[in-house]
Each structure stands twice: as structure tokens, then as C-alpha cells.
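The report below describes a model of two protein chains, moving from a sheet and a helix pair to domains, chain contacts and unusual backbone geometry. Please read it beside the sequence and the coordinates.

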Amino acid sequence: MKVEQISIFMENRPGALEQVTGVLSRANINIRALSLADTSDFGILRLIVNDVATAKKVLQEGGFTVKRTDVVAVEVPDRPGGLHSILAVLARHAVNVEYMYAFIERSGENAIIIFRFTPTDEAIDILIKNGFTVLPGEKVYSL
Amino acid sequence: MMYNEEFEALPREVLEALQLKRLRHIVERVYHTVGFYRRSFDEAGVKPDDIRTLDDLRKLPFTTKNDLRDNYPFGLFAVPMSSVVRMHASSGTTGQSTVVGYTRRDIETWSELMARCFAAAGVTRNDIVHNAYGYGLFTGGLGAHYGAEKLGASVIPMSGGNTKRQIVILQDFGPTVICCTPSYALTLAEAGTEMGVDMRSLKLRVGILGAEPWSERMKLEIENKLNITALNIYGLSEVIGPGVSMECIEGRDGMHIFEDHFIVETIDPETGEVLPPGEQGELVFTTITKEAFPLIRYRSRDISRIITTPCRCGRSFLRMERVSGRSDDMLIIRGVNVFPSQIESVLMAIEGLEPHYQLIVDRVGTLDTLEIRVEVSESIFSDEIKALQSLEKRISKDVKDYLGVTAQVKLVEPKTIQRFEGKAQRVIDKRQI
């Protein structure tokens with residue numbers, strides 16, 4: 001039930017992002033969701049793409065430091081309090097959210113949020129037991 | 001003013017006779033007490049008896065920093081530990097630091113040499129000395145302290161750091177003499193001015209400054225900002241510490257080398273060939289009175305030039321010009337000696353780090369800055385900011401803990417550190433001193 005995310009180390013400088021999008025564009029990779037975490041001198045670009053293996057390969061060939069990380073895609077009711085209902089369950093079970101960001105596409109009536117949890121497997125069990133929908137990777141890549 | 005006129009103004013021929021007598025004695029002694037010297041003399045095919053004139057010194061092999069490291073920690077001590085009363089050491093990880101020892105008589109010698117330095121600066125027992133050299137393993141603090149006490153001056157053992165407190169003490173205690181690195185003198189001048197203190201109207205009269213390279217331009221700036229006479233002092237812990245040579249206030253042209261304790265040679269750093277006095281080259285020192293840690297032909301790696309003309313102060317000692325550079329890659333950052341290889345060994349001790357790094361040295365205002373750029377490989381990359389930041393902090397802390405120097409760590413993308421002919425340029429020194 002996990003989704004594979006690609007993270008790329010980037011220096012905080014003009015043109016850094018453009019180099020990444022250039023490599024992906026030439027390899028015909030479609031970016032499905034992204035988030036950029038930044039500090040004063042470096043950043044981490046996190047991507048969900050339609051073809052993880054190819055994206056990783058072309059980025060590494062392009063000289064980037066790349067890592068694959070397991071994240072979790074959760075359907076969130078698109079209404080006030082929707083995200084809160086998920087976080088409340090996680091908080092009750094002391095699951096830590098390292099980071100999260102929203103997916104561009106919707107799944108039916110629901111929004112999709114990408115989470116990085118510690119610990120991941122436990123978080124997935126808790127979400128499912130509490131009636132939330134966790135989307136498998138194949139479904140997310142092709143949304 | 002001379003502290004020990006009998007020895008400081010010896011006629012050259014008497015001085016040289018004394019040097020030869022002491023040299024022969026020390027060569028004989030190290031040959032029989034230090035395994036390293038016996039082996040290296042034997043390899044060179046020289047026996048102590050072959051040293052019959054001062055020129056015969058060049059028959060002996062050089063001693064290098066690597067020899068000191070190879071014999072870490074006490075391998076070059078020439079006396080049993082029971083005779084050693086003090087140790088000092090350079091910074092470094094195990095096996096990279098160099099350790100020096102002193103007998104009671106060595107401390108006496110060193111104190112006298114430092115007392116000579118103070119006297120050469122016109123300091124007397126009526127002066128108050130603000131000693132802002134670091135106390136501890138570094139030789140600066142205790143060296144200056146013992147010398148000033150020996151002279152009978154009143155010492156304020158400030159050590160380094162705590163700049164605001166230093167300004168308060170400079171105002172309240174009214175020291176007339178300050179000892180610190182030249183860059184710290186400027187830091188004090190600027191910090192004091194920021195605190196609203198008129199740094200030109202303190203009681204300070206003279207500064208005894210050293211432990212890092214500085215220029216005539218910096219000297220003028222210090223003299224102007226603190227309204228003092230700034231004098232240059234030279235030394236290195238391996239040879240004894242500060243007090244190997246000192247600029248006199250009468251001549252103010254080069255530093256007198258205390259030749260009754262040290263023999264100086266100038267060599268071509270590439271070939272090792274001895275150069276005639278007056279030519280620029282690497283200074284090589286032989287200690288001829290030290291007991292615990294004698295050094296034979298030690299390559300200082302400092303580039304300078306010997307001045308042979310007599311000085312108006314009356315000292316018969318040769319003088320050396322201000323050190324103009326190094327014949328190796330040692331960096332001096334805020335008075336701390338650092339080799340790029342030492343930083344590399346700290347980095348390599350951290351799991352996953354690859355040896356792709358670069359050191360950027362700069363001077364911001366009056367303070368040296370060190371930035372360590374480290375390429376992020378996949379083995380250390382994490383998709384969490386906090387993991388990368390804690391890696392930066394860890395590198396910074398390890399460098400501080402092992403080498404005593406504060407560094408800013410910057411993670412950079414792979415292959416962004418310039419490589420020349422496949423080899424990275426490790427150090428970029430942007431300082432204009």
C-alpha cells in the first residue's frame with residue numbers, strides 16, 4: 001500500500017530546479033505531485049512521478065543525488081475537518097508525520113494527501129482500521 | 001632594552017663558538033637517547049663526531065612534521081617522563097597531532113626567552129600585561145604568561161574569547177601591554193568601539209602579536225585603532241612555542257632569533273639545499289638547549305628571509321623577516337593551525353561521507369571564516385531536512401572538537417566541487433591579509 005517517492009538533493013541557487021525538470025521532461029516523465037523543502041542553503045525536492053524507475057535512472061545519470069522513499073497516499077474527505085479527522089487518529093496512536101503535501105489530482109470526491117510517516121507500516125494499519133482509504137502505488141502513478 | 005645582555009649581545013664569534021659547543025652536545029645526546037635520531041643519522045651515514053663545525057650541521061637529515069606524527073605521542077622525547085613537567089600539543093585527531101614536552105629547565109629557558117621578548121618590546125616590571133593568547137594545549141597562553149611573570153610584570157591571564165569581558169578588563173584594569181593574535185587585536189578594537197569605548201584612549205602602549213600571518217597594512221591598522229606600537233613575535237610549538245624570535249622596539253625591522261638557543265638555516269623547500277643568508281626560503285630550526293624535546297633541523301615550512309646586518313638595538317642575533325607564506329598546505333585560521341588532511345580525516349570518520357570536499361577560507365571583517373563544502377552522496381542523502389541538518393551539525397562539531405576551529409558546513413550537489421586533472425582543489429583561500 002506504499003507509494004514510491006523520489007527525493008533529489010538540490011543546492012539553493014538559481015537554475016537548480018530547472019535542471020531537474022529538464023532531465024525529466026526529456027525522458028518524458030510526468031510529475032504527479034511535488035513538494036520542495038528548503039533551508040537557507042539547500043533544498044529537497046520530493047516527487048511522485050508516473051515512472052519511478054526511469055525517473056531515478058535519468059536523474060542519477062544527470063548527476064543528481066536521488067533517493068527512493070516510501071510514502072503513503074491517503075484519500076481525504078474534501079470537506080472542512082477532512083484532514084483533521086486523519087491527523088486526529090494518527091495523533092492518538094502517536095504516529096509522527098515527518099512531512100506531507102497535497103496531490104494535484106482527486107480520487108473521485110476525495111482529495112489525496114501524501115504522507116511520510118514514522119513508522120510507515122503501523123500508520124497504514126491504523127488508517128485502514130479507522131476506515132480511511134490508502135491508495136496503492138500503481139493507482140497513484142496513473143491517476 | 002635587553003633582558004639578558006650577556007647573551008643577547010654576544011660578539012658573533014663567541015656566539016657561534018657557543019652554538020657549536022651546544023650543537024655537538026645535543027647531537028651526541030639525541031643520538032644516544034632518541035631511537036628516531038639514531039636511525040635517521042645512521043641512515044644518512046653521519047655520526048655525532050662528524051659535527052666539527054657549524055657548517056657540518058647540514059650533514060644531518062631534516063626532521064619533519066610527519067616524523068613528529070609518526071612518533072606520536074612521546075616517541076621523540078629525550079628524557080624519561082619523570083623529568084617532564086609540562087606537555088603541549090597541536091590540535092588534531094589521534095596520530096595527527098604533535099606533542100611536545102618540557103623539563104623544568106626547558107620551562108625556565110622558555111620563560112627567559114619570553115621575558116626577553118617582553119623586554120625587547122620595552123616592557124618592565126611596572127607594566128600590566130593583558131594576555132589574550134589561549135591557555136591550554138596551545139603554547140601561546142602559558143608561554144607569554146610565564147615570560148611576563150619572569151620579567152616581573154603583572155599578568156592578567158585572560159585567554160581567548162569572551163570579547164566583551166576583555167573590553168571591560170582593558171578599561172578597568174588598565175593594562176599597558178596586550179598579547180594576542182593580530183586578528184584578535186582588530187576584533188577587540190572593533191568590538192570596543194561598538195560598545196562605545198574609545199579604544200585609542202586605553203592605557204595600552206604596546207602589542208606583542210603573532211601566531212598567524214599578518215601584513216604591514218594590518219600592523220598599521222592595529223596601531224591606529226588601538227593607539228599602540230604593534231610588534232611581531234614568532235614561534236612554533238615544536239621548537240619551543242612563542243619566543244623563538246621577536247621584533248625589537250628600537251629597530252622594528254625583523255625579528256631577532258634567539259640564537260644562543262636555536263640555530264636557523266634557510267633552505268630551498270623543493271630541493272632541501274641550504275641557501276645563503278639573505279635569500280628567501282623555508283626556515284629550518286635546530287634547538288641546541290632543549291632537554292625534553294630537542295629537534296634537529298626541523299623544517300618549519302615557514303617562508304621568510306634572514307637579515308644579517310646589525311640592528312641598532314645592539315643584539316648580535318640574526319633577524320628574520322615577517323613570515324610571508326608556507327611551503328605546505330597548512331592553514332592558520334584564527335590562530336589555529338589546520339591541515340586540510342586533518343579535516344579530511346574528520347570527514348572520513350563519518351560513515352557514508354565521501355572524500356569530496358572543499359575548504360573555503362575567507363576573512364569577514366577581522367575574523368577568519370572556514371566553510372567546508374561537502375558533496376552529498378546517496379549514502380548520506382536523506383529526504384528529511386532534519387537528517388541533513390544534523391549531519392551538518394555533526395561535521396561542524398567534530399571539526400570543532402578535534403581541531404579547535406569553528407567551521408560552517410555546506411552540503412553541495414555531487415560533482416560540483418571543481419576537479420582539476422581529476423584532482424579536486426581542496427582549499428580556496430580568499431583572504432587578503
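Which residue in β11(B) is the bridge partner of B:Val264? The bridge partner of B:Val264 in that strand is B:Phe285. This is a predicted model, in which local features need pLDDT of at least 70 and side-chain atom pairs count only at pLDDT 80 or more, while totals for chains, interfaces and linings use all residues. Residues are numbered from 1 along each chain as its sequence is written, and chains are lettered from A and ligands numbered from 1 in the order in which they are written.

**A sheet in chain B.** Helices (H or I, at least four residues) and strands (E, at least two) are DSSP runs, numbered from the N terminus. In chain B, four strands in the order β10-β11-β12-β15 make up an open sheet with antiparallel pairing, where two strands pair if DSSP finds at least two bridges between them. Strand β11 (residues 281–287) of chain B runs antiparallel to β10(B) and is joined to it by six bridges. Because β10 (262–267) and β15 (325–326) of chain B each have a single partner strand, they stand at the edges of the sheet, and one side of each is left without a neighbour there.

**A helix pair in chain B.** Helix α5 (residues 104–120) and helix α6 (residues 139–151) of chain B have axes that come within 7 Å and cross at roughly 75°; axes are lines fitted to C-alpha atoms, for helices over the stretch in contact, and angles run from 0 to 180 degrees between N-to-C directions. The two helices α5(B) and α6(B) are therefore roughly perpendicular to each other, a label that covers angles of 65 to 115 degrees, with those under 35 counted as roughly parallel, those over 145 as roughly antiparallel and the rest as oblique. Two residues are in contact if their C-beta atoms, placed from the backbone, lie within 7 Å. Residues of α5(B) including B:Trp110, B:Met114 and B:Phe118 meet residues of α6(B), among them B:Tyr146 and B:Leu151.

**Domains and the chain contact.** Domain bounds come from an automatic or database domain assignment, which for chain B gives domain 1 (70–328) and domain 2 (333–429). The centres of these two domains of chain B, taken over C-alpha atoms, are separated by 30 Å, and their contact takes twelve residues from domain 1 and 14 residues from domain 2. Between the chains, 15 residues of chain B are in contact with 16 residues of chain A, and α11 (385–403) and β20 (408–412) of chain B each supply at least two residues of the side of chain B that touches chain A.

The table gives the class make-up of three sets of contact residues, with Ala, Val, Leu, Ile, Met, Phe, Trp, Tyr, Cys and Pro counted as nonpolar, Asp, Glu, Lys and Arg as charged, and the others, Gly among them, as polar.

| Set of residues | Nonpolar | Polar | Charged |
|---|---|---|---|
| Contact of α5(B) with α6(B) | eleven residues | three residues | two residues |
| Side of domain 1 of chain B that touches domain 2 of chain B | two residues | eight residues | two residues |
| Side of chain B that touches chain A | seven residues | two residues | six residues |

**Backbone geometry.** The peptide bond from A:Thr118 to A:Pro119 is cis, with omega near -5°, and A:Pro119 lies in the loop between β6 (110–118) and α4 (120–129) of chain A. In chain B, a cis peptide bond with omega of about -5° joins B:Tyr72 and B:Pro73.
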